[in-house]
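I opened the model to look up its sheet, one strand residue and the core. My notes are below the structure.

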Amino acid sequence: MRGTLCRLKDQSYFFTGRYIPWWNEYPGMHIPAPLEVGSALPTDMKLRSKEILTLTKMNWNSSDGISRLPITLLFARRVGELMTELSDNATPKASYRFYI
């Protein structure tokens, strides 16, 4: 199920994409793969996982109801993809509006 947290010794894996009962389907083309969740300091992994699940629903620039990655990581990846297209002498824009 979406939102399943699996813990193996000191490692935690969290499924953000999987079968969704209220949709009665799996909204994806690939086999669900969990995110590895960790922390440098002791923390409540259940609480962190709930926060991650909430962040997967916050992409307001998409018509998708949910995404596999939290919006913070998804957005960072997209900005990184754009940055690879810049030439070596180009100066990246600092304003957020250039990357949405």
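The entries go from the whole chain to single residues.

**Entry 1. Ground rules.** I noted that this is a predicted model, in which local features need pLDDT of at least 70, side-chain atom pairs count only at pLDDT 80 or more, and totals for chains, interfaces and linings use all residues. Residues are numbered from 1 along each chain as its sequence is written, and side-chain values use heavy atoms, with hydrogens and water left out.

**Entry 2. Whole chain.** I found two helices and three strands, in the order β-β-β-α-α along the sequence. Helices (H or I, at least four residues) and strands (E, at least two) are DSSP runs, numbered from the N terminus. Of the 100 residues in the chain, 22% are buried; buried means under 20% relative accessible area, exposed over 50%, and partly exposed in between, with a 1.4 Å probe and protein chains only. The chain exposes about 7900 Å², and carbon and sulfur atoms supply 57% of that area, by the Shrake-Rupley method with a 1.4 Å probe.

**Entry 3. The sheet.** I looked up the strand order and got β1-β2-β3, an open sheet with antiparallel pairing. Two strands pair if DSSP finds at least two bridges between them. The edge strands, each paired on one side only, are β1 (5-8) and β3 (35-37). From one strand to the next the twist averages 30 degrees, taken between N-to-C directions on a scale from 0 to 180 degrees, with axes as lines fitted to C-alpha atoms. Four bridges join β1 to β2 (residues 11-14), and three join β2 to β3. The hairpin of β1 and β2 has two residues between the strands, and Lys9 there takes a positive phi near 55 degrees.

**Entry 4. Bridge partners.** I followed Tyr13 of β2 to both sides. Its bridge partner in β1 is Cys6, and in β3 it is Glu36. Leu8 stands opposite Gln11 in β2.

**Entry 5. Gln11.** Is Gln11 buried or partly exposed? I read 34% relative accessibility, so Gln11 counts as partly exposed. The side chains of β2 alternate: Gln11 and Tyr13 point to one face and are not buried, while Ser12 and Phe14 point to the other and are. A polar contact of 3.2 Å joins the side chains of Gln11 and Tyr13. I took a polar contact as a pair of N or O atoms within 3.5 Å; within protein, one must be able to donate a hydrogen and the other to accept it, and residues adjacent in sequence count only if both atoms are side-chain atoms. Not counting residues up to four places away in sequence, Gln11 touches Cys6 and Glu36, where contact means heavy atoms within 4.5 Å.

**Entry 6. The core.** Which residues make up the largest nonpolar core? I listed eight: Phe14, Leu35, Val37, Met45, Ile52, Leu53, Leu69 and Leu74. The largest share, three residues, comes from α1. Such a core is a set of buried Ala, Val, Leu, Ile, Met, Phe, Trp, Tyr and Cys residues joined through side-chain atoms within 4.5 Å. Leaving aside neighbours within four places in sequence, Val37 is in contact with Ser12, Phe14, Met45 and Ile52.

**Entry 7. Thr56.** I found Thr56 in the loop between α1 (45-55) and α2 (71-84). Thr56 is buried, with a relative accessible area of 1%. Its side chain reaches the backbone oxygen of Leu53 at 2.6 Å.
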